[in-house]
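Here's a quick walk through a protein model, meant to be read with the structure open beside you. Grab a viewer and follow along.

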Amino acid sequence: MQQTITTYHISVLDKSQMRLDLYLATQLPEYSRSNISTWIKQGNVKINSDTILKAKEKITYKDHIEIKIKLSNQNDTWHKQNIKINII
């Protein structure tokens with residue numbers, strides 16, 4: 001399984017303070033908050049060049065967020081499907 005490193009650069013233009021994980025979830029809706037929290041804990045997220053390890057860190061207006069993540073080229077996303085279940 002081959003991996004690709006993806007880097008996101010996000011400038012905070014919202015003037016209200018918000019938790020880092022919540023803000024990133026709004027900016028990167030294709031990823032779950034669980035994924036985002038894991039990346040933060042692994043040290044893959046920086047605010048203004050400082051590595052952040054806590055998802056509850058507050059972001060402020062004009063902060064620059066950098067996220068570096070390794071993504072596998074294999075499709076690891078979950079898709080909903082209807083499954084018949086017989087309950088006895």
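Let's start in a loop. N48 has a relative accessibility of 38%, so it counts as partly exposed. You'll find N48 in the loop between β3 (45-47) and β4. Its backbone is worth a look: N48 isn't a glycine, yet its phi is positive, at about 50°. Keep in mind while you browse that this is a predicted model.

A second residue has that kind of backbone. K62 is also not a glycine, and its phi is positive, near 75°. Look for K62 in the loop between β5 (58-59) and β6. Is K62 buried or exposed? With a relative accessible area of 62%, K62 is exposed, since anything over 50% gets that label.

**The sheet**

Now for the strands. In which order do the 4 strands of the open sheet run? The order is β1-β6-β3-β4, and the pairing is antiparallel. At the edges sit β1 (3-11) and β4 (50-52), each of which pairs on one side only. Going from one strand to the next, the twist averages 25°. As a bit of background, strands of a sheet pair through backbone hydrogen bonds, in either a parallel or an antiparallel way.

How many bridges hold the pairing of β1 with β6? There are 9 of them between β1 and β6 (residues 64-72), in the antiparallel sense. Two spots let you check the register by eye: I5 stands opposite K70 in β6, and H9 has E66 in β6 as its bridge partner. The pairing of β3 with β6 is antiparallel as well, and it runs over 3 bridges. There, V45 has I67 in β6 as its bridge partner.

Out in β4 you'll come across T51. T51 has a relative accessibility of 43%, so it counts as partly exposed. If you want a sense of scale, try T51 and S16: they are 35 residues apart in sequence, and their C-alpha atoms are 22 Å apart in space.

**The helix and its salt bridges**

Next, click on helix α1, which covers residues 20-27. Which residues of α1 are buried? They are L20, D21, Y23 and L24. Looking down the axis of α1, these buried residues fall within an arc of 160°, so they line one face of the helix.

D21 may catch your eye in that list. Its relative accessible area is just 1%, and the cut-off for buried is under 20%, so D21 is buried. It also takes part in salt bridges, and the count for the model comes to 2. Here they are:

| Salt bridge | N to O distance |
|---|---|
| R19 and D21 | 3.0 Å |
| D21 and R33 | 3.5 Å |

The D21 and R33 pair links distant parts of the chain: D21 is in helix α1 and R33 is in helix α2 (residues 33-41), 12 residues apart. How exposed are the two arginines? R19 has a relative accessible area of 30%, so it is partly exposed. R33, at 42% relative accessibility, also counts as partly exposed. Because the salt bridges share partners, R19, D21 and R33 are joined into one network.

**A nonpolar patch**

Last stop: the segment after β6, where I87 is found. I87 has a relative accessible area of 77%, so it is exposed. Which residues make the nonpolar surface patch? I83, I85 and I87 make it, and the patch covers about 390 Å².

**What to take along**

If you only keep a few things on screen, try these. Keep the open sheet with its β1-β6-β3-β4 order in view, along with the 9 bridges between β1 and β6. Then keep D21 of α1, which forms a salt bridge with R33, and the patch made by I83, I85 and I87.

Definitions and conventions
Residues numbered from 1 in each chain as written. Predicted model: local features only at pLDDT ≥ 70, side-chain atom pairs only at ≥ 80, totals over all residues. Heavy atoms only, no water. Pairing = 2+ DSSP bridges. Axes fitted to C-alpha atoms, helices over the stretch in contact; angles between N-to-C directions. Patch = residues over 30% accessible without salt bridge, like charges linked within 9 Å, V, L, I, M, F, W, Y side chains within 5 Å. Areas by Shrake-Rupley, 256 points an atom, 1.4 Å probe, with all protein chains shown as cover. Salt bridge = Lys/Arg side-chain N within 4 Å of Asp/Glu carboxyl O. Buried < 20%, exposed > 50% of the residue type's maximum accessible area, 1.4 Å probe, protein only. Arc of directions from axis to C-beta.
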